[in-house]
Amino acid sequence: MKIRMLVSMAGANFALSVGEETERFSDAEAVRMIEAGYAVPISERRAETADALPAPEVRRRGRPKKSI
């Protein structure tokens, strides 16, 4: 199972940084790391991030009101 690390971790013969993706662990170990909040699963098929529309811009007319 491929996972993305949310925390840094090091062990015998490996070191993983935040954001690093790995398949180093068995499925059982990967599930335990996800449940503990150390990692998130990575799907084999990546989602497109460009589909999201930008937030609409809000403009106000005139000067901001002064608070007294």
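The paragraphs below go through this predicted model from its overall layout to a few individual residues.

The protein contains one helix and five strands, and along the sequence these elements follow the pattern β-β-β-β-α-β. Of its 68 residues, 13% count as buried, while the protein exposes about 6,300 Å², of which carbon and sulfur atoms supply 51%. When contacts between residues at least 6 apart in sequence are considered, 44% of them join residues at least 24 apart.

A sheet is a useful place to begin. Strands of a sheet pair through backbone hydrogen bonds, either parallel or antiparallel. In this model three strands form an open sheet in the order E4-E1-E5, and the pairing is antiparallel. The edge strands are E4 and E5, each of which pairs on one side only. The pairing of E1 with E4, in the antiparallel sense, runs over two bridges, and within this part of the sheet Ile-3 stands opposite Thr-22 in E4.

Thr-22, which lies in strand E4 (residues 21-22), deserves a closer look. Is Thr-22 buried or exposed? Thr-22 counts as buried because its relative accessible area is 11%, which falls under the 20% cut-off. Leaving aside residues up to four places away in sequence, Thr-22 touches Met-1, Lys-2, Ile-3 and Leu-16, so that Ile-3 appears both as a contact of Thr-22 and as the residue that stands opposite Thr-22. The side chain of Thr-22 also reaches the backbone nitrogen of Arg-24, at 3.0 Å.

The aromatic residues offer another link between parts of the chain. A pair of aromatic rings is described by the distance of the centres and the angle of the planes. The count here comes to one aromatic pair, formed by Phe-14 and Phe-25, with 5.8 Å centre to centre and 85° between the planes. The pair is classed as edge-to-face because an angle over 60 degrees is counted that way. It links distant parts of the chain, eleven residues apart, with Phe-14 in strand E3 and Phe-25 in the loop between E4 and H1. Phe-25 is itself buried, with a relative accessible area of 13%.

The loops can be followed in sequence order. Val-7 is placed in the loop between strand E1 (3-5) and E2, and at 28% relative accessibility Val-7 counts as partly exposed. Apart from residues up to four places away in sequence, Val-7 touches Leu-16, Ser-17, Val-18 and Tyr-38, and the C-alpha atoms of Val-7 and Gly-19, twelve residues apart along the chain, are separated by 7.8 Å. Leu-16 is thus among the contacts of Val-7 and also among those of Thr-22.

Asn-13 lies in the loop between strand E2 (9-11) and strand E3 (14-16). What is notable about its backbone is the sign of phi. Most residues other than glycine have a negative phi. Asn-13, although not a glycine, has a positive phi of about 70°. Asn-13 counts as exposed because its relative accessibility is 79%, which is over the 50% cut-off.

Gly-37 is found in the loop between helix H1 (27-36) and strand E5 (39-41). With a relative accessible area of 38%, Gly-37 is partly exposed. Its C-alpha atom and that of Leu-6 are separated by 7.4 Å, although the two residues are 31 apart along the chain.

Terms used:
Residues are numbered from 1 along each chain as its sequence is written. This is a predicted model: local features need pLDDT of at least 70, side-chain atom pairs count only at pLDDT 80 or more; totals for chains, interfaces and linings use all residues. Side-chain values use heavy atoms; hydrogens and water are left out. Helices (H or I, at least four residues) and strands (E, at least two) are DSSP runs, numbered from the N terminus. Buried means under 20% relative accessible area, exposed over 50%, partly exposed in between (1.4 Å probe, protein chains only). Contact means heavy atoms within 4.5 Å. Accessible areas come from the Shrake-Rupley method with a 1.4 Å probe; for residues, only the protein chains shown count as cover. A polar contact is a pair of N or O atoms within 3.5 Å; within protein, one must be able to donate a hydrogen and the other to accept it, and residues adjacent in sequence count only if both atoms are side-chain atoms. Rings of Phe, Tyr and Trp (its six-membered ring) pair if their centres lie within 6.5 Å; planes under 30 degrees apart count as stacked, over 60 as edge-to-face and the rest as tilted. Two strands pair if DSSP finds at least two bridges between them.
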